[in-house]
Amino acid sequence: LRDAFKNRDVKQDGARMSADAALVRGAHVQVYTPWEASLPIIYEDDNILVIDKPAGLSADDDARGGMTVLSFLTQRAKGAYTPRLCHRLDNQTGGLMVLAKNEQSEACLLEAFKERSMSKRYVCLARGTLRPRSAVCDAYLVKDAAQGKVRVVSHGTPEAKPIRTAYETLSEKDGISRVLVTLLTGRTHQIRAHMAYLAHPILGDDLYGDRALNRRLKASRLMLCAVELTLNAGGPLAYLNGKTFSINAPF
């Protein structure tokens, strides 16, 4: 953007403007730049797409507006197929997502996620030292739609759903642990809320975590990334059974 202003490549209602010019409500602003949106494609064939979703990008339309995974991939497809979401990652969570290219693959993936036959693993940075260093943790999760968040409780209630989260400490430095998390159930904000419930909130999580620590460490983004996805869907996707896709967390 600085280069665009420097080169007089920003226009307001067709007239070139400087960086200190005031914007007029309702004006049409155009920015000419060599930058273009991109989304890393990890794997692609005639049936599916596996992508590396950047943190801060929503899977589909929400109140934030702007580009989404679905809008970008729809534009990229140029009408050759219709990309279909089969699961989601939170806006703030980056990492691996798989999308279907046709109805048959969509039905197959949706069933696999429903039956939890797909393996999903995440890496996060969490506050403190986890004891034990690895464990499988059970609890219950309650949605609070009015607050747009969830809470984790120790006992089941009529509105609570069981959750199971496995973790393994990979390393620790200066009171921050790098943790590998395996989702054994898939609930809204499960990892974020469960880690906070265990007294080890994820770094950069202002919703469930330690805001003071985030400010002190200048953690301005959620340190959570979906780093591994193993397909096991059967049906028309049986040729991919057992295939694992992996990336490195960008932190």
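This is a short tour of one chain, moving from the whole model to one strand and then to some cysteines.

Before selecting anything, note that the model is predicted, so that local features need pLDDT of at least 70 and side-chain atom pairs count only at pLDDT 80 or more, while totals for chains, interfaces and linings use all residues. Residues are numbered from 1 along each chain as its sequence is written, and side-chain values use heavy atoms, with hydrogens and water left out.

**The whole chain**

Start with the full chain in view: its C-alpha atoms fill a box of roughly 60 × 50 × 35 Å along the principal axes. A cartoon display shows five helices and 14 strands, where helices (H or I, at least four residues) and strands (E, at least two) are DSSP runs numbered from the N terminus. Of the 251 residues, 41% count as buried, a term that stands for under 20% relative accessible area, with exposed being over 50% and partly exposed in between (1.4 Å probe, protein chains only).

**Strand β7 and its partners**

Next, select residues 94-100, which form strand β7, and colour them by burial: seven of the seven residues are buried. Now add the strands beside β7, bearing in mind that two strands pair if DSSP finds at least two bridges between them.

- Select residues 48-53, strand β5, which pairs with β7 in the antiparallel sense over six bridges; here Asp-52 stands opposite Leu-96 of β7.
- Select residues 84-85, strand β6, which is also antiparallel to β7, with two bridges; Leu-85 has Leu-99 of β7 as its bridge partner.
- Select residues 224-230, strand β13, which runs parallel to β7 and pairs with it over two bridges; Gly-94 faces Cys-225 of β13 across this pairing.

**The cysteines**

Finally, show the cysteine side chains. How many disulfides does a search of the whole structure find? The search finds zero, a disulfide being taken as a pair of cysteine sulfur atoms within 2.5 Å. Select Cys-86 and Cys-108 together: Cys-86 forms no such bond because the closest cysteine sulfur, in Cys-108, is 9.2 Å from its own, which is too far. Cys-86 is buried, with a relative accessible area of 7%. Then move to Cys-124, which is in no disulfide either, as the nearest cysteine sulfur, that of Cys-225, is 11 Å away. Cys-124 is buried too, with a relative accessible area of 0%.
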